[in-house]
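Reader: I'm new to this one, and I'd like to know where its labels come from. Can you take me through them?

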Amino acid sequence: MSYLSYLQTELAEKKEQLERLKNCESELDGYQVEFSQNNYLVKDPDLSATTWKGNLAEKFTDIREDMDAAYKDISGTQLDTAITAIENKIANIKAEIQSLQSAISAEIARIEREEREERKREKERQKERMK
């Protein structure tokens, strides 16, 4: 495999990774919105002193509060952390793609220059033979 082929393969892989990460980021953004929109369900139905009271009601309320805190942690902190990590990886891969594109351009230019030089040498050899 030539160096150019290697670079082109790497570029294709990086573009594929970038696409998968963008899809993942979009999916996580959707989950985060869905979590935020459905947070109220943790406290449904609303329980008051007239609907339920006593020791079990207090334990149930404590569980609900714990669920609410965990739900907010997932929809806020945990998803934000995951999305930020993906955004950072996307930025890194974009930089790698730019670097690979530059390396491909440089390699193409090098190959073309060598081909021109070879043609020039071949013409000179032909001139020498004709003498």
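Reader: Why is Ala91 called partly exposed?

Author: Its relative accessible area is 44%, and the label covers whatever falls between buried (under 20%) and exposed (over 50%), with a 1.4 Å probe and protein chains only. So 44% puts Ala91 in the partly exposed class. Keep in mind that this is a predicted model, where local features need pLDDT of at least 70, side-chain atom pairs count only at pLDDT 80 or more, and totals for chains, interfaces and linings use all residues. Residues are numbered from 1 along each chain as its sequence is written, and side-chain values use heavy atoms, with hydrogens and water left out.

Reader: Where is Ala91 found, and how far is its C-alpha atom from that of Leu18?

Author: Ala91 is in helix α2, where a helix is a DSSP run of H or I with at least four residues, numbered from the N terminus. The C-alpha atoms of Ala91 and Leu18 are 9.1 Å apart, although 73 residues separate the two along the chain. Asn92 is in helix α2 too, and at 45% relative accessibility Asn92 counts as partly exposed. Its C-alpha atom lies 29 Å from that of Lys72, with the two positions 20 residues apart along the chain.

Reader: What makes α1 roughly antiparallel to α2?

Author: The two helices pack at an angle of about 160°, with their axes 8 Å apart. Axes are lines fitted to C-alpha atoms over the stretch in contact, and angles run from 0 to 180 degrees between N-to-C directions. Anything over 145 degrees counts as roughly antiparallel, so α1 and α2 earn the name. Their crossing is left-handed, meaning that the near helix is turned anticlockwise from the far one by less than a right angle.

Reader: How do you know that Glu96 and Lys14 form a salt bridge?

Author: Their closest N and O atoms are 2.6 Å apart. The rule asks for a side-chain nitrogen of Lys or Arg within 4 Å of a carboxyl oxygen of Asp or Glu, so this pair passes. Glu96 sits in helix α2 and Lys14 in helix α1, 82 residues apart, so the pair links distant parts of the chain. Lys14 is buried, at 15%, while Glu96 is partly exposed, at 29%.

Reader: How many salt bridges does that rule give?

Author: Eight. Among them is Glu16 with Arg20, at 3.2 Å between the closest N and O atoms; both lie in helix α1, four residues apart, about one turn of the helix. Lys72 and Asp68 also pair, at 3.2 Å from N to O, and they too are four residues apart, about one turn, in helix α2. There is a network of salt bridges as well, linking Glu118, Arg121, Glu122 and Arg125.

Reader: Is Asp68 buried or exposed?

Author: Buried: its relative accessible area of 9% is under the 20% limit. Its partner Lys72, at 45%, is partly exposed.

Reader: What makes Leu47, Trp52, Leu56 and Phe60 a nonpolar patch?

Author: A patch takes residues with over 30% relative accessible area and no salt bridge, joining nonpolar side chains (Val, Leu, Ile, Met, Phe, Trp, Tyr) within 5 Å and like charges within 9 Å. Trp52, for one, has 35%, so Trp52 clears the 30% bar. Together the four residues have about 350 Å² of accessible area, from the Shrake-Rupley method with a 1.4 Å probe, where for residues only the protein chains shown count as cover. Trp52 itself is in the loop between α1 (3-38) and α2 (55-130).

Conventions: Parallel < 35°, antiparallel > 145°, perpendicular 65-115°, else oblique.
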